Amino acid sequence: MDTTMTMSMLPTLVLAQGPVPELVPGITLFHYLAVSGIMFVLGLIGFLTRRNLIVMFLCTELMFQAAGIALIAFGRFHLNHTGEAFVIFVLTVAAAEAALALALVVLLFRRKETLDGSVWTSMKG
Amino acid sequence: MLLLLILLPLAAAILVPFLGKRQVWGVALLGTLLPLIAGMVIWLSLGIDWRSSNGDISSLNQTIPWMPDLGVTIRLGLDSVSGLLVLLTLILGPIMVLCSKTAITERVRTYYGWILVLQAAMTGVFCARDLIFFYICFEFTLIPMFVLISLYGSTNRKAAAIKFFLYTFTGSIIALAGLVYIAWFHASKTGTWSFDLDVMKTAARSMPASTQWWLFLALMLGFAVKVPLFPLHTWLPLAHTEAPTAGSVVLAGVLLKLGTYAIYALAIPMLPAGAILFTPLLAVLAIIGFVAIGLVCWVQTDVKKLVAYSSVAHLGVCMLGMFALNPTGLQGSILYMINHGLSTGALFLLIGMMYERHHTRSMLEIGGLAKRMPIWATFMVFFAMASVGLPGLNGFVSEFMCLFGAWQASDTWLGSHFVAGTPGYLGPWYAVIAGVGMVVGAMYTLLMVGKVVWGPLKLPHDDHGHGHGDSHGGHDAAHAGSLPADLTGREIITLLPLAGLCLFLGLYPKPVLQAIDQSTQSTHKLILDARQTVRALEGGPIIPPMPASNNAAPADGAEMENAR
Amino acid sequence: MMMDQMMSSLSPSFAPVWSLALSGGGGGGGEGGSALGVLASLKEVPLSAMVWLIPGLPLLGALLAGLCAVLKVRSKLPAWLMVLCLAGSFAVTFWMYQQVAATGGSTFAVVHLFDWINFNWAPGKAFVANFSLYVDPLTCLWMLFVTGLAACIALYASEYMSHDVGPGYCRFFFAFGLFVFSMACLVMGDNLLLLYLGWEGVGLCSYLLIGYFYQKPSAVAAAKKAFILNRIGDLGLALAIMLIFVKFGTIEYAKLWPMLTQYLQMAAAGQFDQIPTSVQLIAVLLTLAAFGKSAQLPLYVWLPDAMEGPTPVSALIHAATMVTAGVYLIARTLPLFQISVAPLAGLEGTWFGFVSQISALEIVAYGGGLTALLAATIGMAQFDIKRIMAYSTVSQLGFMFAGLGVLASYGAAFHVFTHAFFKATLFLACGAVMHGFAGQLDLRKLSGVMWMKGWLIVGLAMLVGCLNLAGVPFTAGYFSKDVILAEAFSVGHFRPLAWILLFTALLTAYYTFRVFFRVFVGPKHYEPGDELHAHDDHGHDHGHGDKHDHGHDAKGHDAKAHFHPHPPGWAINTVLALLAIASIAAAFAYPTYFVKGLVDTSTAQVAAGAAGHTHVGGATIFGYDPHKAMYYISGIVGAVGIITAFFLHYLGRRTAATSAADNLNLGALQRAAQNKWYVDEFYNFTIRLPLKVLSHIFHMLDKLVVDGLVNLAGLLPRAGGAGLRPSQSGVLHGYAVAMAAGIGVLGLVALLALR
């Protein structure tokens with residue numbers, strides 16, 4: 001989030017294989033991470049501010065994908081496929097999750113005829 | 001061989017869930033009788049010369065490797081003290097099963113299964129020569145007991161079970177921390193881990209007295225709860241009152257002895273200096289337990305609660321003898337463990353038999369049973385007298401020795417030397433004040449006998465088994481009508497071995513005293529050696545200075561009187 | 001003196017060989033001999049192990065009675081078995097006495113039976129308390145009358161308890177046999193712990209027998225009271241045993257006596273301050289024990305209540321044998337008392353320094369004297385004849401203790417011996433009346449019993465007993481009481497005690513004959529008692545009542561109208577006659593020195609020059625030697641008492657309920673004596689009640705404070721949970737914000753830490 005901090009941390013990541021081949025010249029890891037960060041923050045803001053359950057769910061998906069972008073960027077940066085493998089795994093889980101979550105939302109909607117998340121407080125301690 | 005004693009009841013416990021309801025009792029009886037027979041065979045075949053070194057029966061040692069990296073093995077062994085307690089456990093096993101035949105008719109598989117597991121765990125504690133196995137067995141006794149109380153107890157059983165479990169468990173955790181510290185201390189010195197109790201004893205004794213003080217405190221917190229020593233006793237009356245008869249019998253008979261045994265076999269030999277430093281305090285607590293709790297017994301109306309409180313009082317004497325820290329007191333204390341198990345166990349059996357017939361334990365509702373149940377009454381008077389400490393019966397020998405041990409634990413008194421005193425930290429005043437407890441003991445026991453056994457016959461109104469509120473679990477009254485007014489043959493057979501042992505140990509305690517002689521002498525020697533360590537510490541910052549001679553004792557006595 | 005000459009002229013024909021060797025005249029011990037007395041020349045002799053039969057046979061009888069109960073025997077079989085066993089035991093005792101007498105005295109024998117409590121209190125040093133028997137003349141004296149009386153009373157009980165044939169009968173004889181066994185252990189034990197076994201054993205049997213009619217709440221309460229008050233004494237004995245062991249390293253008599261010689265020599269030389277306080281304290285603890293068992297102030301209150309038991313039990317246990325165990329204890333350990341006569345030094349400044357002013361022997365003497373007086377005053381005002389006898393027992397026991405306290409051990413033992421016979425006679429006669437008149441014991445409701453058909457033997461036996469108790473000249477009771485009185489007057493500083501005892505003797509004669517004149521002579525009259533039979537009806541034997549003259553259904557008003565007293569049968573009459581003769585014959589023990597010989601050749605002999613026994617130079621009473629003068633003085637005192645009773649309770653009496661004594665109105669004093677000086681109430685109020693309150697307080701403290709703290713510890717986590725509970729709002733956004741904030745904080749921490 002704090003860009004100067006991220007910049008200062010980058011040089012510590014030294015690769016065994018030498019310099020990183022850039023797919024698009026001028027676009028470095030920093031840029032990918034910046035996009036990921038922006039997406040994540042957007043998702044977070046959306047999650048916190050919106051009341052609609054479906055929108056909130058979409059926001060969580062946005063945060064998920066932000067993490068995925070960061071992972072792929074790191075995978076590229078490290079010149080291995082760990083990050084990609086992880087993202088594929090996460091996507092699978094996310095798909096299952098989406099199905100489950102949407103089903104739940106439908107159920108909740110049927111109970112109270114609204115998509116407002118704040119009406120559900122039965123977990124109060 | 002020893003493993004057999006543990007595995008036999010365990011095997012029966014595994015078998016029990018697959019049996020029909022009718023066969024369970026027989027299998028459970030077999031599962032407790034076979035170990036008893038095996039135990040007897042071991043006993044007789046060894047032909048033990050009790051006077052041999054330390055009473056340790058090395059031919060029974062058995063080691064099974066378990067976690068070699070951590071130095072954990074399952075090592076089993078017996079010495080004369082634990083051997084006697086194993087015998088007590090094995091004898092009480094069949095009695096537990098016998099006494100439950102008509103009392104428990106529902107969920108029998110669960111009941112007998114857990115009883116058998118309990119039996120195995122208790123045997124394990126006394127056989128263990130390795131800390132981890134010891135502790136596992138020690139803690140594993142809690143679960144069967146918890147189940148027995150919470151499923152088969154009376155009205156307030158849930159609360160009693162939870163209190164019993166949490167209280168004793170908390171104590172044990174503290175004790176475990178202390179024991180693990182000793183193991184760590186050994187490992188940090190030698191570089192290898194070992195949980196062998198003999199190794200740990202040697203290691204712990206090399207600690208400075210101030211460390212021993214802390215560790216002894218930790219160990220005592222754990223074990224004294226189990227005993228239970230005076231301020232830590234409140235779980236016991238509750239648990240006893242709520243537990244089913246067999247539960248009370250085994251609780252009084254063996255489970256409490258786990259605490260005293262652990263103190264004798266672990267705490268004192270590991271930390272003799274710590275034991276010395278705590279001596280006057282623990283003795284005072286024991287005496288308060290004996291006298292004040294004795295008085296509490298006197299105002300009870302529930303018979304079972306009275307006997308439960310009397311357990312606390314009796315174990316007060318046991319602890320007084322133990323912390324006399326001389327051979328007399330230690331021998332008396334060990335003998336007391338066995339005797340209390342026999343006589344109080346029998347009293348609980350008798351109360352259970354009364355409860356099964358009349359569904360009350362309140363002395364306000366029931367009385368004069370001698371007329372209706374003469375055989376029962378005879379046994380009741382007999383065991384009450386054993387419990388009071390009538391000479392000729394077992395209780396007297398041990399009670400006298402415990403008090404005498406306390407008296408003897410001092411060199412001088414009133415300015416003159418004792419010919420037959422041992423250097424120690426108690427003295428006549430402790431015995432004199434504790435002696436008051438003997439009178440109190442007669443007061444509450446005879447009160448119970450006078451109300452329940454003698455007097456005009458009085459029976460509760462709803463004495464035919466229906467319409468009473470707390471019928472549940474095994475205590476349902478519906479089938480009690482099948483019992484005759486007086487004891488059945490089965491019940492007499494349950495009681496007779498205990499009566500025989502009470503008489504035998506009262507008239508001829510010599511075999512037992514000889515058996516434990518060496519063990520107590522060597523413990524006393526450890527104490528004498530540790531006196532040097534303690535002397536070096538006197539006046540140190542942590543511990544208040546010890547009474548060097550007995551001069552301070554009267555002050556303690558006076559304080560106690562004020563406290564009361 | 002004439003009487004003295006007469007006495008000594010009798011002696012050669014009756015005296016055992018060894019008593020001839022004794023010096024000294026009639027009464028008082030301790031003249032002549034060294035400072036150590038018998039201890040100096042005590043030697044061990046062999047004795048056949050046969051003596052184990054003395055305790056063994058009664059135990060066998062008890063076991064057989066138990067077996068009869070198991071086999072549901074419904075006949076008098078247990079009684080006959082018991083009489084046989086006890087007679088056998090008596091025969092062996094007599095044989096033992098002859099063996100001991102043949103040795104010439106100052107000897108003892110130890111017969112080892114089996115090891116009992118035997119452990120090492122230090123490497124190689126043993127605490128030994130075995131089942132071994134110690135036989136010396138003192139043992140013989142006690143066992144002779146214990147087994148002899150027990151056999152007689154068992155025979156008496158076979159008839160007396162016949163209402164209860166069945167389980168109750170077996171229970172009675174089981175406890176009876178066990179009692180004689182315990183008493184034998186008490187008297188014959190070779191160490192103090194075996195004595196303790198017998199001591200508590202007789203207590204148990206007393207408990208079981210007092211509570212024999214267990215359906216009567218008063219009997220149960222009396223049994224409990226007896227046991228608990230005895231327990232207080234037992235505690236003293238237990239502590240004394242501990243103290244003896246730690247001071248001397250042994251509790252076996254044979255090894256203990258030699259240890260005492262050094263202290264006895266110190267005492268004889270007057271160097272009391274050299275005897276350690278803890279050694280002197282032993283005697284004080286033993287005194288506590290003896291006072292408990294023998295019902296002395298302040299622990300005497302259980303004995304009158306013990307009359308709830310069947311009368312044979314009262315006769316044997318609570319008059320003749322068990323209650324004299326305290327006297328036996330002190331006589332047995334007399335050497336320990338002789339070194340405890342000095343004011344206890346070394347206790348000054350400790351928190352119970354007041355004890356330092358009193359010596360053990362003074363406690364014994366004055367305790368006994370005051371008990372004698374107090375019990376006699378209560379006895380004078382009672383109406384229940386059995387209770388009067390009970391108070392008279394307490395009073396006579398007081399005499400014995402006073403005798404021990406003034407170091408007249410011979411007098412005390414002699415009084416025990418004579419008292420055993422005549423008090424047993426008295427009780428058994430009262431028992432016969434109670435048995436025949438359906439439990440009637442009120443002297444206002446019975447009169448002229450002796451003149452009724454079939455009651456003559458009872459009346460005569462009663463007369464013999466009363467003459468003895470009143471101390472009429474030439475009776476056994478007269479001689480034995482004289483020895484004590486004379487010795488009390490001889491020892492200078494016990495003069496007040498001597499007067500108390502003399503006054504008590506007067507009262508004794510009065511209340512004894514009050515009973516006799518009211519109940520046994522005078523106009524014939526009777527009312528049956530409330531308990532048409534006071535027997536143990538067990539659940540099983542409801543049917544048996546029909547077999548007897550007065551079954552269950554005979555209760556009630558009709559029964560009273562048709563009541564006929566049934567005079568005693570052959571067993572009761574035989575035993576009464578036998579005991580009456582024995583009471584008379586016991587008088588011959590005086591001129592023949594039978595008892596004196598036994599006592600003064602045992603360790604109960606008072607060593608010459610024993611401290612506290614200093615005869616004041618020429619102590620006199622009315623200018624005469626007390627030992628001589630007492631023959632006349634006590635005779636006169638007895639006569640005065642009897643004559644008073646005659647005028648107040650016999651002369652001119654027309655009905656059973658009234659007598660001339662009714663005109664004497666002593667007001668509050670009389671009422672207080674009748675109510676036993678309110679001692680029971682006093683104890684109840686000052687001891688039992690506060691203790692009960694204290695117990696309740698402890699119970700509350702235990703429940704609220706001790707258990708409360710535990711529950712509080714359990715409450716703390718619960719309270720913590722309740723405090724954190726509101727943080728779980730249940731709103732989705734709340735969690736989301738908390739999560740985001742958490743991540744933010746973590747990120748911040750991470751960044752700050754990395755920088």
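Domain bounds here come from an automatic or database domain assignment. I take the model as predicted throughout.

**Entry 1. Domains of chain C**

I began with how chain C is cut up. The assignment gives domain 1 of chain C, residues 27–538 + 569–674, and domain 2 of chain C, residues 675–711. I looked up the spacing of their C-alpha centres and found 34 Å. Contact between the two is made by seven residues of domain 1 of chain C and seven residues of domain 2 of chain C. On the domain 1 side, α14 (360–381) and α24 of chain C each supply at least two residues. I noted α24(C) as the element giving the most to that side, with four residues. By class, the domain 1 side has five nonpolar residues, one polar and one charged.

**Entry 2. Trp677(C)**

Next I checked the backbone of Trp677(C). It lies in the loop between α24 (668–674) and α25 of chain C. Its phi is near 55 degrees, a positive value in a residue other than glycine. I noted this because most residues other than glycine have a negative phi. Is Trp677(C) buried or partly exposed? I count 14 other C-beta atoms within 10 Å, so Trp677(C) is partly exposed; the buried class would need 20 or more.

**Entry 3. Chain C as a whole**

I tallied 26 helices and five strands in chain C. Chain C has 755 residues, of which 57% count as buried. For contacts in chain C between residues at least 6 apart in sequence, I find that 82% join residues at least 24 apart.

I then turned to the strands. Three of them form an open sheet in the order β1-β2-β3 (chain C), and the pairing is mixed. I marked β1 (43–44) and β3 (125–135) of chain C as the edge strands, since each pairs on one side only. β1(C) runs parallel to β2(C), and the two pair over two bridges. Following that pairing to single residues, I found Lys43(C) opposite Thr107(C), which is in β2(C).

**Entry 4. Chain C against chain B**

I looked up the contact between these chains. It takes 55 residues from chain C and 55 residues from chain B. On the chain C side, the elements that give two or more residues are β2 (107–122), α6 (192–210), α7 (217–248), α9 (277–293) and α25 (679–724) of chain C. Which element gives the largest share of the side of chain C that touches chain B? It is α7(C), with 15 residues. I sorted the chain C side by class and got 31 nonpolar, 16 polar and eight charged residues.

**Entry 5. Two helices of chain B**

I took up helix α7 (residues 157–190) and helix α8 (residues 197–205) of chain B. Their axes come within 9 Å and cross at roughly 80 degrees. Angles of 65 to 115 degrees count as roughly perpendicular, and α7(B) and α8(B) are therefore roughly perpendicular to each other. From α7(B), I listed Ile182(B), Ala183(B), Phe185(B), His186(B) and Lys189(B) in the contact. From α8(B), the residues are Val199(B), Met200(B), Ala203(B) and Ala204(B). The contact of α7(B) with α8(B) has seven nonpolar residues, one polar and one charged.

**Entry 6. His359(B)**

I repeated the phi check in chain B. His359(B) is not a glycine, yet its phi is positive, about 55 degrees. The residue sits in the loop between α14 (327–358) and α15 (369–372) of chain B. With 21 other C-beta atoms within 10 Å, His359(B) is buried; the cut-off is 20 or more.

**Entry 7. Cis peptide bonds**

I looked at two bonds that lead into proline. The bond from Val227(B) to Pro228(B) is cis, with omega near -10 degrees. I placed Pro228(B) in the loop between α9 (209–226) and α10 (235–242) of chain B. In chain C, Leu297(C) and Pro298(C) are joined by a cis peptide bond with omega about 0 degrees. Pro298(C) is in the loop between α9 and α10 (302–305) of chain C.

**Entry 8. Chain A**

I finished with chain A. Its secondary structure comes to four helices and zero strands, and the elements run α-α-α-α from the N terminus on. Of its 125 residues, 10% are buried. Among contacts in chain A with a separation of 6 or more, I find that 52% are between residues 24 or more positions apart.

Terms used: Residues numbered from 1 in each chain as written. Chains lettered and ligands numbered in written order. Predicted model: local features only at pLDDT ≥ 70, side-chain atom pairs only at ≥ 80, totals over all residues. Nonpolar A, V, L, I, M, F, W, Y, C, P; charged D, E, K, R; others polar. Buried ≥ 20, exposed ≤ 12 C-beta atoms within 10 Å, placed from the backbone. Axes fitted to C-alpha atoms, helices over the stretch in contact; angles between N-to-C directions. Parallel < 35°, antiparallel > 145°, perpendicular 65-115°, else oblique. Pairing = 2+ DSSP bridges.
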